[in-house]
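Colleague: Got a minute? I'd like to go through this model with you.

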Amino acid sequence: MTDKTTSSNKSFLNDAGNRALIFQVVLLALVVFVGYYLFSNLQANLADQGISTGFGFLNQPAGFPVLIHLIEYTEADTYGRAFIVALINTVVISLMGIVLATVIGVVMGLARLSNNWLVARLATVYVETLRNIPLLLQMFFWYFAVLATLPHPKNSIIFADFFLNKRGIYSPNPIFQDGFGIVIAGFILSIIASIALIVWAKKRQTRTGLWFPAYWSSLGVIVVITFLALVVSGFPIEFDLPQKSRFNVTGGMVLPPEFVAVLVALSTYTGAFIAEIVRAGILSVNWGQTEAARSLGLKDSLTQRLIVLPQALRVIIPPLTSQFLNLAKNSSLGAAIAYPELVAVVMGTTLNQTGQAIENIGLCMLVYGTLSLTISMFMNWYNKKMSLMER
């Protein structure tokens, strides 16, 4: 009886899976214990100092302005409303920066590989200069050395219906009228039709080997269907044009200098790194692929888009994800030039007025963590999709 018990115990502990399970349970228990101890210690220290905890302050009036807001906001609104405004500002600047940085990076990466000596050298100067200057200094440069030196509103630089001065860039502001829902429905329908066209073209090419200009055709579908929707609905859109008054510019839509400086600095700085990633990805593709395409009579533009870039994506996407994450987190540097993103509003003004340091820091950490994980999940999905297509 004893021998059987001993042998069963030995077989249980000798199993690598069982040992791994035991180690994980012990580690989880240790993490829970340490977390509980730290939390209890924090609660005790806060109680000794008479500091209250909780998120009830979010329902209190904020009492401070947020100069840049995409939703309605006044000083009478709550701290929670100010948090949402800052959150939207952070997400908008991050997404716009990712799009612009990607475009800049791809263009500059291709330019560095250009056979034109001047184009290649200019792209090299751009990359080597911008990626070796700290991002914060570049924000200061655009804000203080470029935008702050623009003329006063009464001496605005005018181009068509656009006004440029030290208070920002003024452009026509679209005002949507009744019936614009038809245009939105038409645009959504055109997107669905474009996706269906691209899928059909790829299946056709796989089956027959015949190439179809799906992307240009899908762009034409979007333009045509959206324009027809505008015609059917009677063009339900008007524009509020900026007007020059005696001392200021009124009307229109304005992009404040803080927003422009942060967006330009983030896009150009990250674009320099993306350019090197794109260049390395293209160089990783065997030159024989390009030679084979030329022997078949393909143009260089088609060779790059249909043969080289799809194969280079497997090298480009992983480091590109890191650059997107860096850009989203670097948007917090906008606080240095008064761009009202999360760090400036929540960890700056809100924290100073409420004293709720743990709650405000926790909110910022939660937002940046969620934003980073969302970007990572999307890029991992795209990377997996491209890998499957390559096989």
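Modeller: Sure. One term before we start: two strands pair if DSSP finds at least two bridges between them. By that rule β2 pairs with strand β3 (residues 168-171), because three bridges join them. The two strands run antiparallel. And keep in mind that this is a predicted model.

Colleague: Noted. How many residues lie between β2 and β3?

Modeller: Two. β2 and β3 form a hairpin with two residues between them.

Colleague: Which residue stands opposite Phe163?

Modeller: Tyr170 in β3.

Colleague: What about β1, how does it run relative to β2?

Modeller: Antiparallel. Strand β1 (residues 157-159) is joined to β2 by three bridges. Ile157 stands opposite Leu164 in β2. β1 and β2 also form a hairpin, with two residues between them.

Colleague: Which side chains of β2 are buried?

Modeller: Phe163 and Asn165. The side chains alternate along the strand, residues 162-165. Phe163 and Asn165 point to one face. Phe162 and Leu164 point to the other and are not buried.

Colleague: Back to the turn. What is the phi of Ala160?

Modeller: Positive, about 55°, although Ala160 is not a glycine. Ala160 lies in the loop between β1 and β2.

Colleague: Is Ala160 buried or exposed?

Modeller: Exposed. Its relative accessibility is 62%, and the cut-off for exposed is over 50%.

Colleague: Where else should I look for a positive phi on an alanine?

Modeller: Try Ala338. Its phi is positive, about 70°, and it is not a glycine. Ala338 is in the loop between α10 (300-330) and α11 (342-354). Ala338 is exposed too, with a relative accessible area of 54%.

Colleague: Since you mention α11, is Leu351 buried or exposed?

Modeller: Buried, because its relative accessibility is 18% and the limit for buried is under 20%. Leu351 sits in helix α11.

Colleague: What does Leu351 touch?

Modeller: Leaving out residues up to four places away in sequence, Leu351 touches Val346, Gln356, Ala357, Asn360 and Ile361.

Colleague: And how far is Leu351 from Val25?

Modeller: 38 Å, C-alpha to C-alpha. In sequence, Leu351 and Val25 are 326 residues apart.

Colleague: Phe227 next. Which helix is that in?

Modeller: Helix α7, residues 214-232. Phe227 counts as partly exposed, at 45% relative accessibility. Phe227 and Gly186 are 41 residues apart in sequence, but their C-alpha atoms are 8.6 Å apart in space.

Colleague: Let's zoom out. How many helices and strands are there in the protein chain?

Modeller: 12 helices and eight strands.

Colleague: How does the chain's radius of gyration compare with a compact globule?

Modeller: A compact globule of 391 residues would be near 21 Å, but this chain has 28 Å. The C-alpha trace spans about 90 × 70 × 50 Å along its principal axes.

Colleague: What share of the residues is buried?

Modeller: 33% of the 391 residues. The accessible surface comes to about 23500 Å². Carbon and sulfur atoms account for 68% of that surface.

Colleague: And the contacts, what share is long-range in sequence?

Modeller: Take contacts between residues at least 6 apart in sequence. Of those, 67% join residues at least 24 apart.

Colleague: Which domains is the chain divided into?

Modeller: Domain 1 is 2-48, and domain 2 is 79-151 + 254-387. Their centres, taken over C-alpha atoms, are 42 Å apart.

Colleague: What does UniProt list as transmembrane?

Modeller: The entry is unreviewed. Its "transmembrane region" listing includes residues 20-39 and 213-239. Residues 20-39 are 100% helix and 0% strand in the model, with the end C-alpha atoms 28 Å apart. Residues 213-239 are 70% helix and 11% strand, and there the end C-alpha atoms are 35 Å apart.

Colleague: Which residues does the UniProt domain annotation cover?

Modeller: Residues 87-379, under "domain: ABC transmembrane type-1", again from the unreviewed entry. Over that stretch the chain is 69% helix and 9% strand. The end C-alpha atoms of residues 87-379 are 22 Å apart.

Colleague: Great, that covers my list.

Technical notes:
Residues are numbered from 1 along each chain as its sequence is written. This is a predicted model: local features need pLDDT of at least 70, side-chain atom pairs count only at pLDDT 80 or more; totals for chains, interfaces and linings use all residues. Side-chain values use heavy atoms; hydrogens and water are left out. UniProt positions are given in the numbering used here, feature names are shortened, and annotations may be inferred rather than shown by experiment. Helices (H or I, at least four residues) and strands (E, at least two) are DSSP runs, numbered from the N terminus. Buried means under 20% relative accessible area, exposed over 50%, partly exposed in between (1.4 Å probe, protein chains only). The radius of gyration is taken over C-alpha atoms; the globule rule is 2.2 Å times the number of residues to the power 0.38. Contact means heavy atoms within 4.5 Å. Accessible areas come from the Shrake-Rupley method with a 1.4 Å probe; for residues, only the protein chains shown count as cover. Domain bounds come from an automatic or database domain assignment.
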